[in-house]
Amino acid sequence: MRLLSSFLFCLLVTTTAEAQKFTFTHDDTLRGSITPERAWWDLTFYHLTVRVHTSDSTLSGSTTIRYRVLKPGQTMQVDLQRPLQVVRVEQDGKPLAVRRDGDAYFVTLTKAQRPGQNESIRVEYAGKPRVAKRPPWDGGLVWSRDKRGEWFIATACQGLGASAWWPCKDHMYDEPDSMAISVTVPEKLMDVSNGKLRRVTTNPDHTRTFDWYVSNPINNYGVNLNIGDYEHWSETFPGEKGPLSVDYYALASHADSARVQFKQVPLMLKAFEHWFGPYPFYEDGYKLVDTPYLGMEHQSSVTYGNRFRNGYLGRDLSRTGWGLLWDFIIVHESGHEWFANNITYKDVADMWIHESFTNYSENLFTEYYYGKAAGAQYVVGCRANIRNDRPIIGVYNVNHAGSGDMYYKGGNMLHMIRQLVGDDEKWRQLLRGMNKTFYHQTVTTRQIEQYMIQQTGLNLKPIFDQYLRDVRIPVLEYRPVAGGLQYRWANTVAGFDMPVRVCLDESGPYDVLQPTAQWKTLTAKDVKSLTPDANYYVLSKQVSR
(Lines give C-alpha, C1' and ligand atoms only; values in the text may rest on other atoms or scores of the structure.)
Protein backbone atom coordinates (compact mmCIF):
# COMPACT_ATOMS: atom_id res chain seq x y z
CA MET A 1 0.00 0.00 0.00
CA ARG A 2 2.73 2.49 0.93
CA LEU A 3 4.81 1.65 -2.16
CA LEU A 4 1.79 2.18 -4.39
CA SER A 5 0.74 5.44 -2.73
CA SER A 6 4.22 6.91 -3.03
CA PHE A 7 3.64 7.22 -6.77
CA LEU A 8 0.38 9.12 -6.35
CA PHE A 9 1.93 12.58 -6.45
CA CYS A 10 -1.33 14.18 -7.51
CA LEU A 11 -4.72 12.84 -6.40
CA LEU A 12 -7.98 14.20 -7.75
CA VAL A 13 -10.68 13.57 -5.17
CA THR A 14 -14.10 13.00 -6.74
CA THR A 15 -16.28 11.87 -3.87
CA THR A 16 -18.27 15.10 -3.77
CA ALA A 17 -19.04 17.99 -6.08
CA GLU A 18 -17.00 20.25 -3.82
CA ALA A 19 -13.97 17.98 -4.05
CA GLN A 20 -14.08 18.05 -7.84
CA LYS A 21 -13.09 21.74 -7.77
CA PHE A 22 -9.74 21.04 -6.10
CA THR A 23 -6.63 19.09 -6.91
CA PHE A 24 -4.96 17.47 -3.91
CA THR A 25 -1.44 16.13 -3.59
CA HIS A 26 0.09 13.06 -2.08
CA ASP A 27 1.30 15.25 0.79
CA ASP A 28 -2.31 16.35 1.43
CA THR A 29 -3.36 12.71 1.74
CA LEU A 30 -0.53 11.91 4.16
CA ARG A 31 -1.41 14.95 6.25
CA GLY A 32 -5.19 14.66 6.17
CA SER A 33 -6.04 10.96 6.28
CA ILE A 34 -5.85 8.27 8.94
CA THR A 35 -3.15 6.31 7.17
CA PRO A 36 -2.43 2.64 8.01
CA GLU A 37 0.72 3.86 9.76
CA ARG A 38 -1.43 6.00 12.08
CA ALA A 39 -4.39 3.71 12.59
CA TRP A 40 -2.75 0.84 14.49
CA TRP A 41 -1.68 2.88 17.53
CA ASP A 42 -3.50 5.13 19.98
CA LEU A 43 -1.69 8.20 21.25
CA THR A 44 -1.66 8.43 25.07
CA PHE A 45 1.02 10.96 26.10
CA TYR A 46 3.54 13.46 24.75
CA HIS A 47 6.58 14.92 26.43
CA LEU A 48 7.75 17.78 24.24
CA THR A 49 11.20 19.12 25.08
CA VAL A 50 12.33 22.11 23.04
CA ARG A 51 15.18 24.57 23.24
CA VAL A 52 14.63 27.93 21.53
CA HIS A 53 17.82 29.37 20.05
CA THR A 54 17.27 33.09 19.60
CA SER A 55 20.74 33.61 18.12
CA ASP A 56 19.78 31.93 14.85
CA SER A 57 15.99 31.40 15.16
CA THR A 58 16.26 27.64 15.36
CA LEU A 59 14.78 24.93 17.54
CA SER A 60 16.17 21.67 18.87
CA GLY A 61 14.60 19.08 21.07
CA SER A 62 12.61 15.88 21.19
CA THR A 63 9.15 14.43 21.56
CA THR A 64 8.60 11.31 23.59
CA ILE A 65 5.47 9.66 22.21
CA ARG A 66 3.69 7.11 24.37
CA TYR A 67 1.04 4.98 22.72
CA ARG A 68 -1.16 1.93 23.09
CA VAL A 69 -1.00 -0.77 20.42
CA LEU A 70 -4.48 -1.35 18.95
CA LYS A 71 -3.57 -3.92 16.30
CA PRO A 72 -0.41 -5.36 14.76
CA GLY A 73 1.81 -2.83 13.02
CA GLN A 74 5.54 -2.22 12.65
CA THR A 75 5.64 1.09 10.77
CA MET A 76 4.66 4.34 12.48
CA GLN A 77 4.00 7.72 10.85
CA VAL A 78 5.37 10.76 12.67
CA ASP A 79 4.97 14.21 11.14
CA LEU A 80 7.46 17.10 11.04
CA GLN A 81 7.30 19.83 8.45
CA ARG A 82 10.18 21.11 6.38
CA PRO A 83 12.63 22.75 6.86
CA LEU A 84 12.82 21.06 10.29
CA GLN A 85 14.36 17.58 10.28
CA VAL A 86 14.19 14.46 12.40
CA VAL A 87 17.69 13.71 13.69
CA ARG A 88 17.12 10.36 15.42
CA VAL A 89 14.30 8.06 16.50
CA GLU A 90 14.75 5.41 19.15
CA GLN A 91 12.74 2.87 21.11
CA ASP A 92 14.04 1.48 24.39
CA GLY A 93 17.30 3.31 23.71
CA LYS A 94 17.89 1.61 20.35
CA PRO A 95 17.97 3.64 17.11
CA LEU A 96 15.34 2.94 14.49
CA ALA A 97 15.35 3.21 10.71
CA VAL A 98 13.41 6.19 9.33
CA ARG A 99 12.17 6.95 5.80
CA ARG A 100 11.02 10.44 4.91
CA ASP A 101 8.13 11.13 2.54
CA GLY A 102 7.54 14.86 2.29
CA ASP A 103 6.59 16.06 5.77
CA ALA A 104 5.92 12.53 7.05
CA TYR A 105 8.52 10.22 8.58
CA PHE A 106 7.90 6.47 8.53
CA VAL A 107 9.62 4.76 11.43
CA THR A 108 10.34 1.03 11.21
CA LEU A 109 9.96 -0.55 14.65
CA THR A 110 12.06 -3.62 15.43
CA LYS A 111 10.31 -4.58 18.67
CA ALA A 112 7.14 -6.66 18.27
CA GLN A 113 4.11 -4.41 18.75
CA ARG A 114 1.55 -6.50 20.61
CA PRO A 115 -2.08 -5.30 20.85
CA GLY A 116 -2.95 -3.99 24.30
CA GLN A 117 0.60 -3.11 25.26
CA ASN A 118 1.86 0.39 26.03
CA GLU A 119 5.02 1.49 24.25
CA SER A 120 6.94 4.68 23.50
CA ILE A 121 9.40 6.18 21.04
CA ARG A 122 11.61 9.23 21.29
CA VAL A 123 11.98 11.54 18.28
CA GLU A 124 14.85 14.03 18.24
CA TYR A 125 14.66 16.98 15.85
CA ALA A 126 16.33 20.27 14.98
CA GLY A 127 16.36 23.09 12.45
CA LYS A 128 14.84 26.40 11.54
CA PRO A 129 11.02 26.23 11.65
CA ARG A 130 8.73 27.92 9.19
CA VAL A 131 8.26 31.60 9.96
CA ALA A 132 4.63 32.73 10.16
CA LYS A 133 3.77 35.09 7.32
CA ARG A 134 0.35 36.23 8.54
CA PRO A 135 -0.40 34.58 11.87
CA PRO A 136 -2.62 33.00 12.90
CA TRP A 137 -4.00 32.35 9.39
CA ASP A 138 -0.69 31.62 7.65
CA GLY A 139 1.05 30.15 10.63
CA GLY A 140 4.38 29.02 12.03
CA LEU A 141 6.69 30.75 14.48
CA VAL A 142 6.54 34.47 15.13
CA TRP A 143 9.93 36.02 15.91
CA SER A 144 9.56 39.64 16.97
CA ARG A 145 10.88 42.19 19.44
CA ASP A 146 9.06 44.20 22.08
CA LYS A 147 9.44 47.94 22.61
CA ARG A 148 12.46 47.34 24.80
CA GLY A 149 14.20 45.27 22.16
CA GLU A 150 13.66 41.97 23.96
CA TRP A 151 12.57 38.86 22.10
CA PHE A 152 8.81 38.35 21.80
CA ILE A 153 8.19 34.89 20.30
CA ALA A 154 5.06 32.78 19.80
CA THR A 155 3.62 29.86 17.87
CA ALA A 156 0.37 29.84 15.86
CA CYS A 157 -0.31 26.89 13.59
CA GLN A 158 -3.99 25.89 13.44
CA GLY A 159 -4.36 25.39 9.70
CA LEU A 160 -0.70 24.63 9.09
CA GLY A 161 -0.47 22.00 11.80
CA ALA A 162 1.58 21.48 14.95
CA SER A 163 4.22 19.56 13.00
CA ALA A 164 5.37 22.96 11.73
CA TRP A 165 7.40 23.21 14.93
CA TRP A 166 7.45 19.86 16.75
CA PRO A 167 7.25 16.15 15.82
CA CYS A 168 3.83 14.64 16.50
CA LYS A 169 0.96 12.57 15.18
CA ASP A 170 -0.41 15.52 13.27
CA HIS A 171 -4.02 14.51 12.72
CA MET A 172 -6.91 15.78 14.82
CA TYR A 173 -8.67 12.46 15.38
CA ASP A 174 -6.22 11.32 18.06
CA GLU A 175 -5.27 13.31 21.17
CA PRO A 176 -2.96 12.43 24.06
CA ASP A 177 -4.63 11.90 27.42
CA SER A 178 -2.12 14.34 28.95
CA MET A 179 1.10 16.10 28.04
CA ALA A 180 4.32 17.54 29.45
CA ILE A 181 5.98 20.57 27.84
CA SER A 182 9.55 21.60 28.71
CA VAL A 183 10.82 24.79 27.08
CA THR A 184 14.32 26.23 27.45
CA VAL A 185 14.78 29.96 26.72
CA PRO A 186 17.32 32.70 27.46
CA GLU A 187 17.52 33.36 31.19
CA LYS A 188 15.89 36.81 31.17
CA LEU A 189 12.84 35.58 29.25
CA MET A 190 9.82 33.55 30.31
CA ASP A 191 7.95 30.79 28.47
CA VAL A 192 4.20 30.40 28.93
CA SER A 193 2.68 27.19 27.60
CA ASN A 194 -0.38 25.06 28.29
CA GLY A 195 -1.49 23.65 31.62
CA LYS A 196 0.10 24.29 35.02
CA LEU A 197 3.67 25.39 35.62
CA ARG A 198 5.45 22.71 37.66
CA ARG A 199 8.95 24.14 37.95
CA VAL A 200 11.45 26.62 36.57
CA THR A 201 15.09 25.51 36.40
CA THR A 202 18.01 27.90 35.97
CA ASN A 203 20.71 26.26 33.84
CA PRO A 204 24.50 26.86 33.86
CA ASP A 205 24.43 28.19 30.28
CA HIS A 206 22.32 31.25 31.23
CA THR A 207 19.04 29.72 30.17
CA ARG A 208 15.94 28.69 32.08
CA THR A 209 13.71 25.67 31.51
CA PHE A 210 9.97 25.98 32.13
CA ASP A 211 8.17 22.70 32.79
CA TRP A 212 4.43 22.71 32.12
CA TYR A 213 1.97 19.87 32.55
CA VAL A 214 -1.41 19.43 30.84
CA SER A 215 -3.71 17.07 32.77
CA ASN A 216 -6.39 16.83 30.07
CA PRO A 217 -6.52 15.67 26.45
CA ILE A 218 -5.22 18.37 24.11
CA ASN A 219 -5.32 18.82 20.35
CA ASN A 220 -2.00 19.27 18.58
CA TYR A 221 -2.48 22.81 17.32
CA GLY A 222 -3.58 23.87 20.80
CA VAL A 223 -0.04 23.33 22.12
CA ASN A 224 1.88 26.59 22.19
CA LEU A 225 4.98 28.54 23.15
CA ASN A 226 4.82 32.17 24.24
CA ILE A 227 8.18 33.69 25.08
CA GLY A 228 8.80 37.20 26.32
CA ASP A 229 9.61 39.53 29.18
CA TYR A 230 6.28 38.89 30.89
CA GLU A 231 4.64 40.23 34.00
CA HIS A 232 2.33 37.74 35.69
CA TRP A 233 -0.70 38.18 37.94
CA SER A 234 -3.59 35.93 38.83
CA GLU A 235 -6.99 35.61 40.42
CA THR A 236 -9.52 32.91 41.30
CA PHE A 237 -12.84 32.60 39.50
CA PRO A 238 -15.73 31.04 41.50
CA GLY A 239 -16.96 28.72 38.77
CA GLU A 240 -19.53 25.96 38.52
CA LYS A 241 -16.94 23.29 39.41
CA GLY A 242 -15.38 25.34 42.19
CA PRO A 243 -12.37 27.69 42.28
CA LEU A 244 -10.71 28.11 38.88
CA SER A 245 -7.19 29.54 38.74
CA VAL A 246 -6.98 32.37 36.20
CA ASP A 247 -3.54 33.64 35.19
CA TYR A 248 -2.53 36.61 33.07
CA TYR A 249 0.75 37.24 31.26
CA ALA A 250 1.54 40.52 29.51
CA LEU A 251 4.73 42.23 28.42
CA ALA A 252 6.02 44.65 31.02
CA SER A 253 5.35 47.51 28.61
CA HIS A 254 1.74 46.34 28.16
CA ALA A 255 0.95 45.41 31.75
CA ASP A 256 -1.02 48.53 32.72
CA SER A 257 -3.30 48.28 29.69
CA ALA A 258 -3.67 44.53 30.11
CA ARG A 259 -4.69 44.79 33.76
CA VAL A 260 -7.63 46.92 32.68
CA GLN A 261 -8.67 45.02 29.54
CA PHE A 262 -8.26 41.56 31.01
CA LYS A 263 -10.93 42.33 33.61
CA GLN A 264 -13.34 41.07 30.96
CA VAL A 265 -12.14 37.48 31.49
CA PRO A 266 -14.33 36.72 34.56
CA LEU A 267 -17.31 38.22 32.69
CA MET A 268 -16.62 35.87 29.79
CA LEU A 269 -16.27 32.83 32.06
CA LYS A 270 -19.53 33.63 33.84
CA ALA A 271 -21.47 33.98 30.59
CA PHE A 272 -20.03 30.90 28.91
CA GLU A 273 -20.45 28.66 31.93
CA HIS A 274 -24.10 29.73 31.92
CA TRP A 275 -24.57 28.82 28.25
CA PHE A 276 -22.17 25.91 27.75
CA GLY A 277 -21.52 24.40 31.17
CA PRO A 278 -18.39 24.37 33.31
CA TYR A 279 -15.08 25.49 31.83
CA PRO A 280 -13.70 22.21 30.46
CA PHE A 281 -10.16 22.36 31.89
CA TYR A 282 -10.34 23.24 35.59
CA GLU A 283 -7.32 21.03 36.35
CA ASP A 284 -5.17 23.05 33.93
CA GLY A 285 -6.54 26.48 34.78
CA TYR A 286 -7.20 29.35 32.37
CA LYS A 287 -4.49 31.69 31.06
CA LEU A 288 -4.64 34.76 28.84
CA VAL A 289 -1.28 35.50 27.27
CA ASP A 290 -0.08 38.62 25.45
CA THR A 291 1.32 37.73 21.98
CA PRO A 292 2.79 39.54 18.94
CA TYR A 293 -0.11 38.45 16.70
CA LEU A 294 -3.91 38.78 16.92
CA GLY A 295 -4.65 35.70 19.03
CA MET A 296 -5.73 32.06 19.00
CA GLU A 297 -7.53 29.43 21.05
CA HIS A 298 -4.59 27.49 22.49
CA GLN A 299 -6.05 25.25 25.18
CA SER A 300 -5.76 26.69 28.71
CA SER A 301 -3.30 29.21 27.22
CA VAL A 302 -5.46 31.55 25.14
CA THR A 303 -3.35 34.06 23.24
CA TYR A 304 -4.18 37.74 22.88
CA GLY A 305 -3.00 40.50 20.55
CA ASN A 306 -6.07 42.73 20.12
CA ARG A 307 -4.19 45.86 21.24
CA PHE A 308 -6.26 46.16 24.44
CA ARG A 309 -9.25 47.55 22.59
CA ASN A 310 -12.86 46.45 22.41
CA GLY A 311 -14.19 45.02 19.18
CA TYR A 312 -12.01 43.34 16.59
CA LEU A 313 -8.96 45.61 16.51
CA GLY A 314 -11.38 48.40 17.40
CA ARG A 315 -14.02 47.46 14.80
CA ASP A 316 -17.49 46.01 15.27
CA LEU A 317 -17.88 43.05 12.92
CA SER A 318 -21.67 43.25 13.25
CA ARG A 319 -21.86 46.98 12.46
CA THR A 320 -24.54 47.30 15.15
CA GLY A 321 -22.52 48.88 17.96
CA TRP A 322 -22.88 45.84 20.24
CA GLY A 323 -19.52 44.45 19.18
CA LEU A 324 -17.73 47.50 20.58
CA LEU A 325 -18.86 46.77 24.14
CA TRP A 326 -16.50 43.82 24.62
CA ASP A 327 -13.11 42.55 23.48
CA PHE A 328 -13.54 40.25 20.48
CA ILE A 329 -10.39 38.18 21.06
CA ILE A 330 -11.08 37.56 24.76
CA VAL A 331 -14.62 36.41 23.97
CA HIS A 332 -14.14 34.55 20.69
CA GLU A 333 -10.86 32.76 21.40
CA SER A 334 -12.03 31.78 24.88
CA GLY A 335 -15.28 30.44 23.44
CA HIS A 336 -13.10 27.92 21.65
CA GLU A 337 -12.28 26.32 25.00
CA TRP A 338 -15.71 24.73 24.71
CA PHE A 339 -15.92 24.39 20.91
CA ALA A 340 -12.49 23.37 19.53
CA ASN A 341 -10.64 22.31 22.65
CA ASN A 342 -13.37 20.44 24.54
CA ILE A 343 -15.32 19.33 21.46
CA THR A 344 -12.78 18.88 18.66
CA TYR A 345 -13.34 17.91 15.03
CA LYS A 346 -11.76 14.68 13.79
CA ASP A 347 -11.22 16.05 10.28
CA VAL A 348 -10.56 19.67 9.35
CA ALA A 349 -13.39 19.43 6.81
CA ASP A 350 -15.67 19.67 9.86
CA MET A 351 -14.04 22.83 11.16
CA TRP A 352 -17.47 24.47 11.30
CA ILE A 353 -17.98 22.64 14.61
CA HIS A 354 -15.30 24.93 16.04
CA GLU A 355 -16.04 28.16 14.26
CA SER A 356 -19.83 28.22 13.85
CA PHE A 357 -20.50 27.55 17.52
CA THR A 358 -17.78 29.95 18.63
CA ASN A 359 -19.05 32.68 16.34
CA TYR A 360 -22.47 32.06 17.85
CA SER A 361 -20.93 32.35 21.33
CA GLU A 362 -20.31 36.05 20.58
CA ASN A 363 -24.06 36.45 20.16
CA LEU A 364 -24.73 34.59 23.43
CA PHE A 365 -22.19 36.68 25.33
CA THR A 366 -23.89 39.83 24.03
CA GLU A 367 -27.28 38.48 25.02
CA TYR A 368 -26.12 37.52 28.52
CA TYR A 369 -25.10 41.07 29.36
CA TYR A 370 -27.22 43.26 27.08
CA GLY A 371 -30.40 41.30 26.43
CA LYS A 372 -31.86 38.92 23.90
CA ALA A 373 -32.62 41.61 21.32
CA ALA A 374 -29.01 42.84 21.42
CA GLY A 375 -27.67 39.34 20.87
CA ALA A 376 -30.01 38.82 17.92
CA GLN A 377 -29.05 42.15 16.38
CA TYR A 378 -25.38 41.23 16.67
CA VAL A 379 -25.63 37.86 14.91
CA VAL A 380 -27.95 39.22 12.20
CA GLY A 381 -25.59 42.15 11.65
CA CYS A 382 -22.73 39.72 11.01
CA ARG A 383 -24.51 38.48 7.87
CA ALA A 384 -22.89 41.30 5.93
CA ASN A 385 -19.67 39.27 6.15
CA ILE A 386 -21.11 36.15 4.48
CA ARG A 387 -19.81 35.39 0.98
CA ASN A 388 -21.68 32.20 0.01
CA ASP A 389 -18.66 31.27 -2.10
CA ARG A 390 -18.48 27.54 -1.35
CA PRO A 391 -19.88 25.03 1.15
CA ILE A 392 -18.99 25.33 4.81
CA ILE A 393 -18.00 21.66 5.01
CA GLY A 394 -14.69 20.98 3.26
CA VAL A 395 -13.20 17.89 1.64
CA TYR A 396 -12.44 14.94 3.89
CA ASN A 397 -9.11 13.13 4.31
CA VAL A 398 -6.93 15.78 2.63
CA ASN A 399 -6.68 18.46 5.36
CA HIS A 400 -9.08 20.79 3.53
CA ALA A 401 -11.33 23.20 5.42
CA GLY A 402 -14.54 24.63 3.98
CA SER A 403 -15.56 28.23 3.37
CA GLY A 404 -14.83 30.99 5.85
CA ASP A 405 -18.62 31.29 5.99
CA MET A 406 -18.33 28.69 8.76
CA TYR A 407 -18.10 31.73 11.05
CA TYR A 408 -20.95 34.10 10.24
CA LYS A 409 -23.20 31.84 8.19
CA GLY A 410 -22.71 29.00 10.65
CA GLY A 411 -23.53 31.27 13.57
CA ASN A 412 -26.68 32.47 11.83
CA MET A 413 -27.71 28.88 11.12
CA LEU A 414 -27.49 28.07 14.82
CA HIS A 415 -29.37 31.24 15.74
CA MET A 416 -32.10 30.22 13.29
CA ILE A 417 -32.34 26.70 14.70
CA ARG A 418 -32.90 28.30 18.10
CA GLN A 419 -35.98 30.01 16.62
CA LEU A 420 -37.27 26.63 15.47
CA VAL A 421 -36.77 25.16 18.94
CA GLY A 422 -38.79 28.04 20.38
CA ASP A 423 -37.74 27.33 23.97
CA ASP A 424 -34.73 29.26 25.25
CA GLU A 425 -34.07 27.03 28.24
CA LYS A 426 -34.30 23.89 26.13
CA TRP A 427 -31.81 25.47 23.74
CA ARG A 428 -29.43 26.34 26.57
CA GLN A 429 -29.61 22.82 27.92
CA LEU A 430 -28.86 21.48 24.44
CA LEU A 431 -25.63 23.50 24.32
CA ARG A 432 -24.67 22.47 27.84
CA GLY A 433 -25.58 18.87 27.11
CA MET A 434 -23.45 18.87 23.97
CA ASN A 435 -20.38 19.87 25.99
CA LYS A 436 -21.15 17.15 28.51
CA THR A 437 -21.96 14.41 25.99
CA PHE A 438 -18.84 15.05 23.91
CA TYR A 439 -16.62 16.08 26.82
CA HIS A 440 -12.94 15.93 25.79
CA GLN A 441 -13.81 14.08 22.58
CA THR A 442 -13.06 14.34 18.89
CA VAL A 443 -16.23 14.27 16.81
CA THR A 444 -17.68 14.31 13.30
CA THR A 445 -20.36 16.49 11.73
CA ARG A 446 -22.66 13.49 11.70
CA GLN A 447 -22.40 13.12 15.49
CA ILE A 448 -23.22 16.79 16.08
CA GLU A 449 -26.11 16.76 13.62
CA GLN A 450 -27.61 13.61 15.11
CA TYR A 451 -27.27 14.98 18.63
CA MET A 452 -29.09 18.20 17.73
CA ILE A 453 -31.82 16.34 15.85
CA GLN A 454 -32.36 14.01 18.78
CA GLN A 455 -32.37 16.76 21.40
CA THR A 456 -34.69 19.10 19.51
CA GLY A 457 -37.00 16.45 18.07
CA LEU A 458 -36.90 18.39 14.79
CA ASN A 459 -36.03 17.29 11.28
CA LEU A 460 -32.93 19.43 10.95
CA LYS A 461 -31.20 17.38 8.28
CA PRO A 462 -32.46 19.49 5.33
CA ILE A 463 -31.36 22.61 7.20
CA PHE A 464 -27.86 21.24 7.76
CA ASP A 465 -27.70 20.18 4.12
CA GLN A 466 -28.81 23.63 2.97
CA TYR A 467 -26.50 25.74 5.11
CA LEU A 468 -23.46 23.48 5.51
CA ARG A 469 -23.32 21.65 2.17
CA ASP A 470 -24.85 24.15 -0.25
CA VAL A 471 -24.21 27.82 -1.04
CA ARG A 472 -27.75 28.88 -1.92
CA ILE A 473 -29.88 30.92 0.46
CA PRO A 474 -33.53 29.78 0.62
CA VAL A 475 -35.97 32.16 -1.01
CA LEU A 476 -39.54 32.42 0.25
CA GLU A 477 -41.44 33.07 -2.95
CA TYR A 478 -44.97 34.44 -2.76
CA ARG A 479 -47.63 35.67 -5.15
CA PRO A 480 -50.99 37.35 -4.54
CA VAL A 481 -54.11 35.34 -5.37
CA ALA A 482 -57.77 36.00 -4.79
CA GLY A 483 -58.39 36.07 -1.05
CA GLY A 484 -54.74 35.76 0.02
CA LEU A 485 -51.24 34.69 -0.99
CA GLN A 486 -49.53 31.60 -2.27
CA TYR A 487 -46.03 30.78 -1.02
CA ARG A 488 -43.27 28.18 -1.35
CA TRP A 489 -39.55 27.61 -0.82
CA ALA A 490 -37.26 28.05 -3.82
CA ASN A 491 -33.48 27.89 -4.26
CA THR A 492 -33.24 24.98 -1.84
CA VAL A 493 -32.01 21.42 -1.49
CA ALA A 494 -34.51 18.61 -1.96
CA GLY A 495 -36.87 18.16 0.98
CA PHE A 496 -36.29 21.60 2.50
CA ASP A 497 -39.47 22.39 4.44
CA MET A 498 -38.29 24.63 7.28
CA PRO A 499 -41.05 26.56 9.04
CA VAL A 500 -40.56 30.31 9.07
CA ARG A 501 -42.05 33.19 11.01
CA VAL A 502 -43.26 35.92 8.69
CA CYS A 503 -44.79 39.37 8.94
CA LEU A 504 -47.96 39.77 6.91
CA ASP A 505 -47.33 43.02 5.06
CA GLU A 506 -44.87 45.59 6.37
CA SER A 507 -46.57 46.28 9.69
CA GLY A 508 -49.01 43.41 9.92
CA PRO A 509 -49.19 40.55 12.42
CA TYR A 510 -46.71 37.67 12.55
CA ASP A 511 -47.59 34.14 11.53
CA VAL A 512 -45.62 30.90 11.26
CA LEU A 513 -45.76 29.21 7.88
CA GLN A 514 -44.50 25.78 6.82
CA PRO A 515 -43.52 26.21 3.18
CA THR A 516 -42.39 23.36 0.97
CA ALA A 517 -41.28 23.29 -2.65
CA GLN A 518 -44.97 23.19 -3.64
CA TRP A 519 -47.26 26.21 -3.62
CA LYS A 520 -49.44 26.61 -0.54
CA THR A 521 -52.21 29.15 -0.02
CA LEU A 522 -52.57 31.55 2.89
CA THR A 523 -56.08 32.89 3.23
CA ALA A 524 -55.82 36.46 4.43
CA LYS A 525 -57.66 39.56 3.31
CA ASP A 526 -55.70 42.55 2.07
CA VAL A 527 -52.30 40.84 2.55
CA LYS A 528 -49.94 41.57 -0.32
CA SER A 529 -46.47 40.58 0.98
CA LEU A 530 -44.63 38.20 3.28
CA THR A 531 -41.54 39.39 5.14
CA PRO A 532 -39.52 36.71 6.98
CA ASP A 533 -38.55 37.40 10.59
CA ALA A 534 -35.00 38.79 10.54
CA ASN A 535 -33.88 35.98 12.85
CA TYR A 536 -34.20 33.58 9.90
CA TYR A 537 -31.38 33.66 7.38
CA VAL A 538 -33.61 33.48 4.30
CA LEU A 539 -34.71 35.81 1.51
CA SER A 540 -38.18 36.63 0.18
CA LYS A 541 -39.36 37.52 -3.29
CA GLN A 542 -42.68 38.30 -4.93
CA VAL A 543 -43.14 36.43 -8.20
CA SER A 544 -45.79 36.56 -10.88
CA ARG A 545 -48.22 33.76 -11.53
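# Exercises on a Predicted Model

Strand 9 (residues 104-108) is mostly covered, with four of its five residues buried. The model is a predicted one, and the exercises below start from this strand.

## Exercise 1. The neighbours of strand 9

Determine which strands pair with strand 9, and in what sense.

**Solution.**
Step 1. Begin with strand 5, which pairs with strand 9 in the antiparallel sense over five bridges. Within strand 9, Tyr-105 stands opposite Val-78.

Step 2. Turn to strand 8 (residues 97-101), which also pairs with strand 9 in the antiparallel sense, over five bridges. Here Ala-97 has Thr-108 of strand 9 as its bridge partner.

Step 3. Examine the connection. Strand 8 and strand 9 form a hairpin with two residues between them. Gly-102 lies in the turn and has a positive phi of about 65°.

Step 4. Conclude that strand 9 pairs with strand 5 and with strand 8, antiparallel in each case.

## Exercise 2. Uncommon backbone geometry

Locate two cis peptide bonds and two positive phi values in residues other than glycine, and state where each is found.

**Solution.**
Step 1. Recall the general expectation: most residues other than glycine have a negative phi, and most peptide bonds are trans.

Step 2. Identify the cis bonds. One joins Arg-82 and Pro-83, with omega about 10°. Another joins Pro-135 and Pro-136, with omega about 5°.

Step 3. Place the prolines. Pro-83 is in the loop between strand 5 (75-79) and strand 6 (85-91). Pro-136 is in the loop between strand 10 (118-127) and strand 11 (140-145).

Step 4. Identify the positive phi values. Ser-57, not a glycine, has a phi of about 55°, and its place is the loop between strand 3 (41-53) and strand 4 (58-69). For Arg-307, phi is near 65°; this residue is in the loop between strand 22 (302-304) and helix 6 (328-335).

Step 5. Classify Arg-307 by accessibility. Its relative accessible area is 57%, so Arg-307 is exposed, the cut-off being over 50%.

## Exercise 3. The surroundings of Ala-180

Decide whether Ala-180 is buried or exposed, and name the residues that it touches.

**Solution.**
Step 1. Ala-180 belongs to strand 13 (residues 178-186).

Step 2. The relative accessible area of Ala-180 is 12%. Buried means under 20%, and Ala-180 is therefore buried.

Step 3. Leaving aside residues up to four places away in sequence, Ala-180 touches Phe-45, Tyr-46, His-47, Leu-48, Trp-212 and Tyr-213.

Step 4. Compare sequence with space for one of these pairs. Ala-180 and His-47 are 133 residues apart in sequence, yet their C-alpha atoms are 4.6 Å apart.

## Exercise 4. The chain as a whole

Establish whether the radius of gyration agrees or disagrees with that of a compact globule, and describe the chain overall.

**Solution.**
Step 1. For 545 residues, a compact globule would have a radius of gyration near 24 Å. The protein chain has 25 Å, which agrees.

Step 2. Along the principal axes, the C-alpha atoms fill a box of roughly 90 × 60 × 40 Å.

Step 3. The secondary structure comprises 12 helices and 31 strands, and 60% of the residues are buried.

Step 4. Among contacts with a separation of 6 or more, 67% are between residues 24 or more positions apart.

Step 5. The chain exposes about 21600 Å², of which carbon and sulfur atoms supply 51%. There are 61 positive and 59 negative side chains, and the centres of the two sets lie 3 Å apart.

Notes. Residues numbered from 1 in each chain as written. Predicted model: local features only at pLDDT ≥ 70, side-chain atom pairs only at ≥ 80, totals over all residues. Heavy atoms only, no water. Buried < 20%, exposed > 50% of the residue type's maximum accessible area, 1.4 Å probe, protein only. Rg over C-alpha atoms; globule rule 2.2 N^0.38 Å. Contact = heavy atoms within 4.5 Å. Areas by Shrake-Rupley, 256 points an atom, 1.4 Å probe, with all protein chains shown as cover. Lys, Arg positive; Asp, Glu negative; His and termini not counted. Charge placed at Lys NZ, Arg CZ, Asp CG, Glu CD. Pairing = 2+ DSSP bridges.
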